[in-house]
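Here are some exercises to try with the structure open in your viewer. Have a go at each one before you read its solution.

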Amino acid sequence: MGDTPQRSAHAGTGGTPVATSHERPAGASARVAERSGNPGRPDGGLGGGGGLPRARAFGAERAFRGLTLAAGSTVLIVIAAIAIFLIAKAVPALRANTESFWTFEGWFPNDNPPKFGIGALAFGTVLSSLLALLVAVPVALGIALYLSHYAPRRLGNSLGFLIDLLAAVPSVVFGLWGRDYFAGPVADLSAWLNKYFGWIPIFGEGPYGSSILLGSVVLAIMVLPIVTSLSREVFRQTPTANEEAALALGATRWEMIRTAVLPYGRPGVIAAVMLGLGRALGETIALALTLGSTYAISFNILEAGGNSIAANIANRFGEANDTGRGALIASGLVLFAITLIVNITARAIIYRRREFTESAA
Amino acid sequence: MTTTLPTHRPRPPAQPATLRARRLPAYAAPAIAVAALLLSAGLVYGAGIGGPVLVVVVGALLYLVGLFVAANAVEGRRSARDRTWSALIHSAFVLAVLPLASVVWTLVSKGSERLDANFFGTSMNNIGARDANGGAYHAIIGTLEQVGIAALITVPLGVLCAIYIVEYGRGRFAFTIRFFVDVMTGIPSIVTGLFVLAFWVLIVSPWFNDGRPGFSGFAAALALSVLMLPTVVRSTEEMLRLVPAPLREGAYALGVPKWKTILRVVLPTALPGIVTGIMLAIARAAGETAPVLLVAGGGAAINFNPFENNQSSLALFVYQQAGEASKYSPARAWTAALTLVALVLVLTVAAKLLARRNRLGR
């Protein structure tokens, strides 16, 4: 690796004398090197620091710096552009809407007096995501702990690799599987739940089939590998000294995990769960294939029905006219806002936590 | 769950028989498991409230309770807790493996049905509901072109952005960019699709398309690149931070300007890690359906030109075939899904293997 800088120094001797054009060295050691450097021709031998080169107004350094700055700014520009263009297309449709956008339960933006409301969709989105996390997170943390601390090392590594691969499987595959092969067992489960636990309001009457329960469980199965692989990574990074200290004090394996591994991994786990929540909120195709596509707010998670903002966009996009597209874009804007809030909250938590653990460690 | 049975008081410590604590015999756990299963079978079938699945579930619960009680009686509270949590963690693993294994099994068994040359050599053009053949050639072309263009856009942009964050950015502005890159990771794919729909398809492209909205593969590539950008930036950023500072300082000491140090020293050192991140981002983008559905249009014919007319993609092909009424479409959907998963997995495995060879450990 030591030959790389040399090579680049020689490359500078070729065309334009770029080696003289750096405006300001960044590191302190670089500055020292420059002062003590051999003041001579810049294309001199190894220590070609150049005789205290002047900053140029338009040098390669400045151009490159500007280029990276522009690339960095694109991120901000893209996020702002997303908000601006979605609002620009959503406002005409919202103006044309003859019902309340927040409370109306239905979606008829293509009719002559367009009527549509986001209430039921937003409700379904949040409900299915939360249910999915409720199922997925405990199981995912269990698997992550199994892979990092219970399984034999070799088995844990290869299974972890497998879980990473499953996290890459596209959502449309899970959706297809959920609709064609998982709907039957879930319908049986729904009937059983209703028979024996029907007195709990969320386990209401049928017809059973493409229900919130099915969508949530498929979502949970999809989110599971993501949360697992992230939190396994976090658990594995627990300092061995902490674990050994706990064990040396006579802790059982569970006590070691509870006192050393879990506190250390908490910010990472929160991040993983929030990332999973973000995935679940924005998941489109799996829910478009497994939800019943109705427009009513209902806590009965067994009944065929349910909908989410993203699934509704995928289902209704084909038939949408101009107002219809605007209405879908308006719903997308709401989804964007929800995910933005979730993400910013999560990041704020993580940043604060990170400082906390670093200062504590 | 803390059923506190009257525990046997530990013997007075005056004369311990042995220094080791008392332990459950090795046969205790399997014995409790068998007893729990038998008991639960008796309960479930006796009350007539379910089938074999319920027997296993109730059996597992009884096993956990039984194990806790037995260990509590013999080994004490702490050890009982340890055993119960261990059993819970193991059962979480089994619980999750079942559906995932079912997905993989269905994918392979159903997907191999149409795995023939015809599927990879023909499109869906002029294929009616009664035609058994038809394939995904057009969709494969679409996926490759869209993902390729998206990578061409994203990779330079993402790497430069990461260089800014790590090497040049100072203070509040760089922090803001980092923060929003993090936030951007969480933007749903359908929202990026809607963004490109509003921005490119409905507003910009009509200017050079006679006022008609221009659905195209390029629009899909734009949406995918918005999705890929944060992933590429984050992974590149992490890798650049791992490059040891003495390497940079050595280059500065030799009088190499900063930009050249970055291009010739820092980037080559971090290259394997950066390529890994890029490949993972590409793999994720290749599997996205929602943005392509909104902005590419999804045609049935082969279209090599990503800048004009509708294009399909493999993921979109799966979704469309899943929604069709023809009795031949499920087989096509599953085979396309298998192809897509194979493509994504090859990319992912290659990326992970590359990451393993990376000399910059964490």
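What follows is a set of exercises with worked solutions, all on a predicted model.

**Exercise 1.** Work out how chain A is built: how many helices and strands are there, and in what order do the elements run?

*Solution.* Start by counting: chain A has 12 helices and two strands. Next, walk along from the N terminus, and you get α-α-α-β-β-α-α-α-α-α-α-α-α-α. Then check burial: of the 361 residues in chain A, 51% are buried. Finally, look at the contacts between residues at least 6 apart in sequence; 71% of them join residues at least 24 apart.

**Exercise 2.** Classify the packing of α7 (residues 212-236) against α9 (residues 253-282), both in chain A.

*Solution.* Step one is the geometry: the two helices pack at about 150 degrees, and their axes are 9 Å apart. Step two is the class. An angle over 145 degrees counts as roughly antiparallel, so α7(A) is roughly antiparallel to α9(A). Step three is handedness, and α7(A) passes α9(A) in a right-handed crossing. Step four is the residues that meet. On the α7(A) side they include A:Leu219, A:Val223 and A:Ile226, and on the α9(A) side they include A:Gly265, A:Gly268 and A:Arg279. Sorted by class, this contact has 14 nonpolar, four polar and one charged residues.

**Exercise 3.** Now do it across chains: which residues make the contact between α3(A) and α6(B), and how do the axes lie?

*Solution.* Helix α3 of chain A covers residues 60-96 and helix α6 of chain B covers residues 171-185; they pack at about 50 degrees with axes 10 Å apart. That makes α3(A) and α6(B) oblique to each other. The crossing of α3(A) past α6(B) is left-handed. From α3(A) come A:Leu69, A:Gly72, A:Ser73, A:Val75, A:Leu76, A:Val78 and A:Ile79, while α6(B) brings B:Phe173, B:Thr176, B:Ile177, B:Phe180, B:Val181 and B:Met184. By class you get 10 nonpolar, three polar and no charged residues.

Just before that helix, have a look at B:Gly169, which sits in the loop between α5 (137-168) and α6 of chain B. At 7% relative accessibility, B:Gly169 is buried. Leaving out residues up to four places away in sequence, B:Gly169 touches B:Tyr164 and B:Ala174.

**Exercise 4.** Describe the ring pair of A:Phe101 and A:Phe116: what is its geometry, and which parts does it tie together?

*Solution.* The centres are 5.9 Å apart and the planes are at 80 degrees, an edge-to-face pair. For location, A:Phe101 is in the loop between α3 and β1 (107-108) of chain A and A:Phe116 is in strand β2 (residues 115-116), so the pair ties together parts 15 residues apart in sequence. Both A:Phe101 and A:Phe116 are buried. Zooming out, the count over all chains is 23 aromatic pairs. Ring pairs also link A:Phe85, B:Phe195, B:Phe199, B:Trp200, B:Phe218 and B:Phe307 into a cluster.

**Exercise 5.** Compare the surroundings of two backbone oddities, A:Ser293 and B:Asn309: are they buried or exposed?

*Solution.* Most residues other than glycine have a negative phi. Yet A:Ser293 has a positive phi of about 60 degrees, and B:Asn309 has one of about 65 degrees. A:Ser293 lies in the loop between α10 (285-290) and α11 (309-316) of chain A, and is partly exposed at 29% relative accessible area. B:Asn309 lies in the loop between α11 (290-295) and α12 (314-322) of chain B, and at 53% is exposed.

How values were computed
Residues are numbered from 1 along each chain as its sequence is written. Chains are lettered from A and ligands numbered from 1 in the order in which they are written. This is a predicted model: local features need pLDDT of at least 70, side-chain atom pairs count only at pLDDT 80 or more; totals for chains, interfaces and linings use all residues. Side-chain values use heavy atoms; hydrogens and water are left out. Axes are lines fitted to C-alpha atoms, for helices over the stretch in contact, and angles run from 0 to 180 degrees between N-to-C directions. Helices (H or I, at least four residues) and strands (E, at least two) are DSSP runs, numbered from the N terminus. Angles under 35 degrees count as roughly parallel, over 145 as roughly antiparallel, 65 to 115 as roughly perpendicular and the rest as oblique. A crossing is left-handed if the near helix is turned anticlockwise from the far one by less than a right angle, and right-handed if clockwise. Contact means heavy atoms within 4.5 Å. Ala, Val, Leu, Ile, Met, Phe, Trp, Tyr, Cys and Pro count as nonpolar, Asp, Glu, Lys and Arg as charged, and the others, Gly among them, as polar. Buried means under 20% relative accessible area, exposed over 50%, partly exposed in between (1.4 Å probe, protein chains only). Rings of Phe, Tyr and Trp (its six-membered ring) pair if their centres lie within 6.5 Å; planes under 30 degrees apart count as stacked, over 60 as edge-to-face and the rest as tilted.
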